[in-house]
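Trainee: I would like to go through the terms used for this model and see what each one rests on. Where should we begin?

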Amino acid sequence: MNLLTESAASAGGGIGLLLMYVVIIGGMMYFMAIRPQKKEQKRVTAMLSEMSVGDSIVTTGGFYGVVIDITDEDVIVEFGSNKNCRIPMKKSAIAEVEKADAQ
């Protein structure tokens, strides 16, 4: 009977050890992947909400332009020195914003 209780205790210890490893790996994933991603998303959301007409932007494609008009999801951007090149685009396509006051 003593042998039976020892094997049951060692099986329970193995499950506890496995559970501890899962918790440690989950915690590491949170601090190395999920948390920085959420922090970056907050930064991008704040940058896009503070954007105003006249700000200089860089798109995710690498184009430089100036914001002419802003709606809820879209912006109209003027590209290059040709004042006739105005293109509507999604706010999510903006990578960087430089405020007009900083120029």
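Mentor: With the elements: helices and strands here are DSSP runs, a helix having at least four residues and a strand at least two, numbered from the N terminus. On that basis this predicted model runs α-β-β-β-β-β from the N terminus on.

Trainee: What makes residues 2-49 a helix, H1?

Mentor: A helix is a DSSP run of at least four residues, and H1 covers residues 2-49. The protein has 1 helix and 5 strands.

Trainee: Why is Ile57 called buried?

Mentor: Buried means under 20% relative accessible area. Ile57 is at 2%, so it counts as buried. Ile57 belongs to strand S1, residues 56-59. Buried residues make up 17% of the 103 residues in the protein.

Trainee: What is Ile57 in contact with, beyond its neighbours within four places in sequence?

Mentor: Contact requires heavy atoms within 4.5 Å. The partners of Ile57 include Met51, Phe63, Val67, Val77, Met89 and Ile94. For Val67, which is 10 residues away along the chain, the C-alpha separation from Ile57 is 7.2 Å.

Trainee: How do you know that S1 and S2 pair?

Mentor: Pairing needs at least two bridges found by DSSP. S1 and S2 have 3, in the antiparallel sense, so they pair. One of the bridge partners is Val66 in S2, opposite Ser56. The hairpin of S1 and S2 has 4 residues between the strands, and Gly62 takes a positive phi near 95° there.

Trainee: What joins S3 to its partners, S2 and S4?

Mentor: Strand S2 (residues 64-70) pairs with S3 (residues 74-79) over 5 bridges, antiparallel. Val67 has Val77 in S3 as its bridge partner. S3 is also joined to S4 (residues 86-90) by 5 bridges, again antiparallel. The hairpin of S2 and S3 has 3 residues between the strands, while that of S3 and S4 has 6, with Gly80 in the turn at a positive phi of about 70°.

Trainee: What makes Glu40 and Arg43 a salt bridge?

Mentor: The test is a side-chain nitrogen of Lys or Arg within 4 Å of a carboxyl oxygen of Asp or Glu. The closest N and O atoms of Glu40 and Arg43 are 2.6 Å apart, so the pair qualifies. Because they are 3 residues apart in helix H1, about one helical turn separates them.

Trainee: Why are Glu40 and Arg43 called partly exposed?

Mentor: Partly exposed lies between under 20% and over 50%. Glu40 has 38% and Arg43 has 42%, so both fall in that range.

Trainee: How do you know that Lys90 and Glu73 form a salt bridge?

Mentor: Their N to O distance is 3.6 Å, and the limit is 4 Å. This pair links distant parts of the chain, with Lys90 in strand S4 and Glu73 in the loop between S2 and S3, 17 residues apart. Glu73, at 55%, is exposed, whereas Lys90, at 45%, is partly exposed. Asp74 stands opposite Lys90 in S4, and Glu73, Asp74 and Lys90 are linked in a network of salt bridges.

Trainee: Is Glu78, which forms a salt bridge with Arg86, buried or exposed?

Mentor: Glu78 is at 8% relative accessibility and therefore buried. Arg86, at 47%, is partly exposed. The closest N and O atoms of this pair are 3.1 Å apart.

Methods
Residues numbered from 1 in each chain as written. Predicted model: local features only at pLDDT ≥ 70, side-chain atom pairs only at ≥ 80, totals over all residues. Heavy atoms only, no water. Buried < 20%, exposed > 50% of the residue type's maximum accessible area, 1.4 Å probe, protein only.
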